[in-house]
Amino acid sequence: MLNLSSPLWPAILWPFAGAIALVATGRLWPGWLRRLTALAVSLASFLHLWSLRSSIGDRTEIFWEPLNFFRTGLLWRVDGLSLLIGLTLAALVAMAVLVERGSESGSAAWSGLLLAALAGALATETGANLLTLALGSGWIDLVLIVMALAIGDDTGRVLWRVAVPGVVSTLVLIAGAVQMSAQVGTVSLAAQNIPVQMVAWLSVAGMLRLMVFPIHPRGVHHPETTVPSALAIGVGGYLLARAQAIGPGLGGYSGMLKVGIMALLAGGILAWTGLAGSARRPDQAQDEQIAAEENKGSQAFLLGVVVHQTGWILIVVSLLKGGVAWVVSAVVLALAVLTLWEGRWQVREPAPWLSWGTGISRMVHRWWDRVASGIAPGFVETWQRARSWLRGGAWWLPAVALASMAGFPLTAGALGRWSAYGALLREGNARTLLVVLVADTLLVAGLGLAFRRFLQRADQSVRASFVIAGFVFDILLVIIGIASGSLSKRLSIEPVPGPGVSVWGLGLVYGLPWLVGGWLAYAGRRWKRILAHGQRIVGLDWLFEGASWLGRQVVHGLHWLSQVGEGEGWLGWALIFLSLGAILFLAR
């Protein structure tokens, strides 16, 4: 029986109802109305999640009659871990629909499908047993598949790459639920004695949903692919954080740490080689070929950032005893800022009131200029210069996200990195620390090149929606970096542990990637051709293309065999095989 009086339901049902309305009738709505509705629904879900801080520990259960195969029903529970990542994903969707493309979007129902994915993510993150986690995860997979089919072309293929590991993750959760029900008698994650093997199922499902290297989502670039990818990363990070909160899972083994280090190094190489290998010389004119190379380099850079950040999540899970949720939130928010920056020049469908609203705005500006010039001479010129700088030089918006990814102090990205460095120094794991330093150095070099490219685009105007979204996310990154300890107490979750070593020695090691990375960002342009080859090798495009070619050959071979066995000559082949069988039988 479904208890609709539970305080949790509105947070999930708001985006679900909005998704139904937009998918069913979205094509009849103008683009601005779709965005406004999706924004209102996602913000309502965000505000309701924030109000659930006083309901931490409440449970909601659906009882099935007769008893189902798993000996229990669906169970949801509100806790600080689910609230933190749920708030992050709701903010991601709200800001994404705010700057969504208008009539040029691949599908008019994109906003509705994104809301449906948010509903599935919230249902997953509040799930209190493996069966509920599997149900929410399966809903996310279904939405991603529909989104891939609706959009099509290259964007659809990228969404398929996001959906396939998620489907496997859902199957892993189902298998874990079946085995846990058979061994323990329940699938509840609140059980007293949960076998380590069950936590391992949850950890593997989280790694698959996280799309860790080498199953990374190749081709992510536009918001239609990066936003669903960030949503999937948030859900995968939640599964890993939940596994860490329950028991050791895979964190007690070296396997997860090795996978995280491999992803960290591959992501750093892709981020650096992607932009350094496609950098344009100052004296080189812009043409279609150069623009195509820069676009490909930007895709490699963004892919490298995604791979690197997912690797950091695995390393934090492996080395630390808490604080994974803060690292996941920092990664999702920083990726969101880069996503919004990539999509900020897209054409939008104007709202109907802009035709007369623009005239009123001009009248107000002229009146204000006359009043200000009479009060303070020179004020108007200063104000216009500042306004032009804010609209055309908003490079500081992605700069905060880049600083967070590089682990600068007072940003959210410094939380997990500072503690992980301290854990490696405390354990004396010099080899792992060296690889992590190299990977972070390469990432900083790529981030420096990205910052330089953002500065080159600073003369272009910025829409107000992008400024609002980027500013909100930047503020959140700084707030998390400064006040994560007090917020952890309010949400009743584990804070990020301290480094446990000398701050001065750790600070010296911590700053090395910034120094060396800055030099690599400048020197990498000399090795443009070599870096381009390195990007193709590490990106594993050759491997997936080879696997695709091999699969096509197998399909062609099976088709040929079917034509031989079932075509016009099927009777002759049948007689030949019967004759051979008869000869072998008589020869005995």
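I'll start with one residue, Thr-273: at 3% relative accessibility, it counts as buried, because the cut-off for buried is under 20%. This is a predicted model, and everything I say is computed from it. Thr-273 sits in helix 9, residues 254-276. What does its side chain meet? A polar atom of the Thr-273 side chain lies 2.6 Å from the backbone oxygen of Ile-269. As background, an α-helix has 3.6 residues a turn, so residues three or four places apart point the same way.

Next, confidence. The protein chain has an average pLDDT of 77, and 74% of the residues score at least 70. Among the elements, helix 4 has the highest mean, 90, and helix 12, residues 354-375, has the lowest, 52. Two stretches fall below 50. One is residues 102-106, with 12 contacts in the model beyond near neighbours in sequence. The other is residues 344-358, with 32 such contacts. Where pLDDT is low, the predicted coordinates should not be read in detail.

Now helix 4, residues 110-125. Its 16 residues should span 22 Å at 1.5 Å a residue, and the end C-alpha atoms are 22 Å apart, so the two agree. How many of its residues are buried? The count is 16 of 16, so helix 4 is mostly covered, given the cut-off of under 20% relative accessible area.

Helix 8 gives a similar check on length. It has 24 residues and reaches 34 Å from first C-alpha to last, close to the 34 Å expected at 1.5 Å a residue. Of those 24 residues, 22 are buried, so helix 8 is largely enclosed by the rest of the structure.

One residue of helix 8, residues 223-246, is Leu-231. Leu-231 has a relative accessible area of 4% and is buried. Which residues does it touch? Leaving aside neighbours within four places in sequence, Leu-231 is in contact with Leu-89, Leu-92, Val-93, Ala-117 and Leu-118. There is also a C-alpha to C-alpha distance of 7.7 Å between Leu-231 and Val-332, which are 101 residues apart in sequence.

Last, the cavities. A search of the whole structure finds 6 of 30 Å³ or more. The largest cavity holds about 130 Å³ of space. Its lining has 13 residues, and those nearest its centre are Gln-309, Val-327, Val-331, Gly-413 and Arg-417. Which helices supply at least two residues each of that lining? They are helix 10 (288-319), helix 11 (324-342), helix 14 (396-405) and helix 15 (413-427).

Methods:
Residues numbered from 1 in each chain as written. Predicted model: local features only at pLDDT ≥ 70, side-chain atom pairs only at ≥ 80, totals over all residues. Heavy atoms only, no water. Helix = DSSP H or I, 4+ residues; strand = E, 2+ residues; numbered from the N terminus. Expected span 1.5 Å × (residues − 1). Buried < 20%, exposed > 50% of the residue type's maximum accessible area, 1.4 Å probe, protein only. Polar contact = N/O pair within 3.5 Å; in protein donor to acceptor, adjacent residues only side chain to side chain. Contact = heavy atoms within 4.5 Å. pLDDT = per-residue confidence, 0-100. 1 Å grid on protein atoms, 1.4 Å probe; cavity = no way out; pocket = protein on both sides within 12 Å on 5 of 7 lines; lining within 4 Å. Points joined across faces, edges and corners; volume = space filled by probe spheres on them.
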